[in-house]
Amino acid sequence: MRRLDDWEVRWHKYPGVVLPEIPRGSAVVVLSGGQDTATCVMWAKRYFRKVYAVTFKYGQTLDLELRAAKTIARIGELAGHEIIDISEVSRLLSRTTSLVRASNLDIAWQGGRGVLPTTFVPGRNLLFLVLGAMYAYSVDSHHLVIGVNFADWVGYPDCRPDVFPPLEESLRQGMEWEVKIHAPLLYLDKARINWLADDLQAYQILYPYTHTCYRGERPPCGTCPACITREWGFKLSGLPDPLTTMGDQLPELDPL
Amino acid sequence: MNSVRIPESITPVVLVSGGLDSLAALVWTLNTYPNHRVHALTVDYGQTHAVEIESAKTICEKLGIPHRTIALPYTSLVNRNLGIRSEVEQWEDTTWSTSFVPFRNILLLTLGLGYSYSLSVGGAAVAFGGHRDDHSAFPDCRPAFLTHLESTFRISLGGNMEVHVLAPFVLVEKAGAIHYLAAVDALDLAKYTHTCYLGIRDPKCDCESCVGRRLAFERAGVRDPLWEEVSDETIG
């Protein structure tokens with residue numbers, strides 16, 4: 001094994017964070033504009049020569065999220081950024097879910113059909129991965145980086161680690177083309193993601209441009225499920241949230 | 001993969017393109033699962049002709065099936081960099097058939113399964129009309145791939161759901177699908193289908209797709225109702 005950097009030594013026990021071999025070429029990051037995917041951007045920049053990003057616009061996506069993604073792509077000096085509108089698809093799949101229809105946040109707290117939460121859109125994550133792989137294919141990249149993590153495991157079976165190897169194999173068989181799906185945050189909770197972001201400079205460079213709030217407020221509302229999860233993560237990690245502590249210094253996001 | 005038992009709480013979704021193969025798949029699904037609600041889905045991924053979508057709509061109306069069409073920004077995703085190529089380039093590229101659309105079936109089947117899941121309880125089922133003539137040209141029509149995608153989707157739903165990719169004609173040739181339509185007395189519907197890549201109606205068209213259709217009808221030993229109508233018109 002190669003000699004690890006200092007930050008890698010701190011993270012090597014978490015599967016997926018440290019790559020045993022430095023891959024060649026480029027990677028595509030699925031970028032949502034949140035802190036997890038911002039961390040993925042800086043992670044990918046450590047390992048790949050060129051980093052592209054792809055952002056999906058679907059029913060629930062707020063303009064602020066897209067603007068955050070766009071700004072992160074600019075500040076992170078990515079080789080390319082594509083925003084793909086799949087709202088029709090999410091309307092198709094949304095019958096069982098509430099979040100896509102926006103506004104009714106209360107429902108997000110309650111259980112959905114069966115054991116899966118109402119925010120679970122069937123096949124959505126799989127679809128994101130397939131679409132991301134398509135984008136990777138079109139920019140001639142064989143690596144896809146996604147920000148799914150421990151917090152997603154409970155409600156979203158399509159964010160669990162056992163999905164990625166079969167999907168890689170499906171794509172290999174269906175396209176006769178190789179793709180590797182990287183999920184560096186897979187085994188990290190929100191606090192550890194913040195620490196990793198700190199190590200990768202994502203916390204310093206990109207976090208002021210991230211967006212989390214479901215209500216679409218900046219600075220965040222602090223009361224919606226997403227804001228509470230974010231605040232909880234920062235509290236556990238002992239780092240201040242730039243969005244709430246920067247005050248007047250909070251930078252503007254790029255317009256769409 | 002074929003005529004498996006599916007609980008009635010699952011609504012199979014048939015991927016309907018407006019072509020002959022998907023018509024056969026639709027008829028097969030209706031005959032095999034008469035007690036299920038069946039839905040049809042057409043994906044407009046940019047490179048199809050509007051005629052195809054119209055054909056799909058007409059077929060579903062004739063059969064009385066709920067039908068949805070959705071648009072995918074497919075062209076913006078793949079074609080910009082490699083899809084829309086000049087015809088010369090397409091002929092020169094021998095890696096795949098000239099009509100191979102990267103990721104198409106992966107995407108369509110995933111969408112179909114997702115749609116079916118949203119209409120069902122406890123699982124999902126999708127049917128499509130891929131057949132053996134496609135295998136060499138399209139890696140994403142091969143049975144191994146379909147079985148694999150089925151299990152990938154099942155895992156992505158937590159592993160305890162019923163997930164079925166139904167490909168009734170995957171082991172027979174295109175002529176077999178025509179045979180089936182003739183056998184169940186549904187061949188008449190073939191006159192509403194659309195096949196031509198060039199988007200024209202010409203019995204002598206020599207695009208890959210029309211040639212394949214002619215050949216299949218010859219092999220099946222039946223007349224293509226599409227042209228019966230045309231010749232009637234000409235005579236009339």
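## Exercises on a predicted two-chain model

In chain B, residues 24 or more positions apart account for 78% of the contacts with a separation of 6 or more. The model is predicted, and the exercises below work through its two chains and the contact between them.

**Exercise 1. Describe the makeup of chain B and set out the corresponding values for chain A.**

Step 1. Chain B contains 9 helices and 5 strands. Along the sequence their order is β-α-β-α-β-α-α-α-β-α-β-α-α-α.

Step 2. Chain B has 236 residues, and 47% of them count as buried.

Step 3. For chain A the count is 11 helices and 5 strands. Chain A has 256 residues, of which 48% are buried.

Step 4. In chain A, 71% of the contacts with a separation of 6 or more are between residues 24 or more positions apart.

**Exercise 2. Decide which stretch of chain A should not be read in detail.**

Step 1. Begin with the chain as a whole: the mean pLDDT of chain A is 86, and 88% of its residues reach 70 or more.

Step 2. Then look for a low run. Over residues 97–116 of chain A, pLDDT stays under 50. The model still has 38 contacts beyond four places in sequence for residues 97–116.

Step 3. Apply the general rule: where pLDDT is low, predicted coordinates should not be read in detail.

**Exercise 3. Characterise the side of chain A that touches chain B.**

Step 1. Count the residues: 33 of chain A are in contact with 37 of chain B.

Step 2. Assign them to elements. Strand 3 (80–85), helix 4 (87–93), helix 6 (124–138) and helix 7 of chain A each supply at least two residues of this side.

Step 3. Sort by class. The side of chain A that touches chain B has 20 nonpolar, 6 polar and 7 charged residues.

**Exercise 4. Determine how helix 7 of chain A is oriented against helix 6 of chain B, and list the residues that make the contact.**

Step 1. Take the axes: helix 7 (residues 164–175) of chain A and helix 6 (residues 143–156) of chain B come within 9 Å and cross at roughly 155 degrees.

Step 2. Angles over 145 degrees count as roughly antiparallel, so helix 7 of chain A is roughly antiparallel to helix 6 of chain B.

Step 3. Add the handedness: the crossing of these two helices is left-handed.

Step 4. List the residues. Helix 7 of chain A contributes Pro166(A), Leu167(A), Glu169(A), Ser170(A), Gln173(A) and Gly174(A). Helix 6 of chain B contributes Ala144(B), Phe145(B), His148(B), Leu149(B), Ser151(B), Thr152(B) and Ile155(B).

Step 5. By class, this helix contact has 6 nonpolar, 6 polar and 1 charged residues.

Definitions and conventions
Residues are numbered from 1 along each chain as its sequence is written. Chains are lettered from A and ligands numbered from 1 in the order in which they are written. This is a predicted model: local features need pLDDT of at least 70, side-chain atom pairs count only at pLDDT 80 or more; totals for chains, interfaces and linings use all residues. Helices (H or I, at least four residues) and strands (E, at least two) are DSSP runs, numbered from the N terminus. A residue is buried if 20 or more other C-beta atoms lie within 10 Å of its own, exposed if 12 or fewer, and partly exposed in between; C-beta atoms are placed from the backbone. Two residues are in contact if their C-beta atoms, placed from the backbone, lie within 7 Å. Axes are lines fitted to C-alpha atoms, for helices over the stretch in contact, and angles run from 0 to 180 degrees between N-to-C directions. Angles under 35 degrees count as roughly parallel, over 145 as roughly antiparallel, 65 to 115 as roughly perpendicular and the rest as oblique. A crossing is left-handed if the near helix is turned anticlockwise from the far one by less than a right angle, and right-handed if clockwise. Ala, Val, Leu, Ile, Met, Phe, Trp, Tyr, Cys and Pro count as nonpolar, Asp, Glu, Lys and Arg as charged, and the others, Gly among them, as polar. pLDDT is the predictor's confidence in each residue, from 0 to 100.
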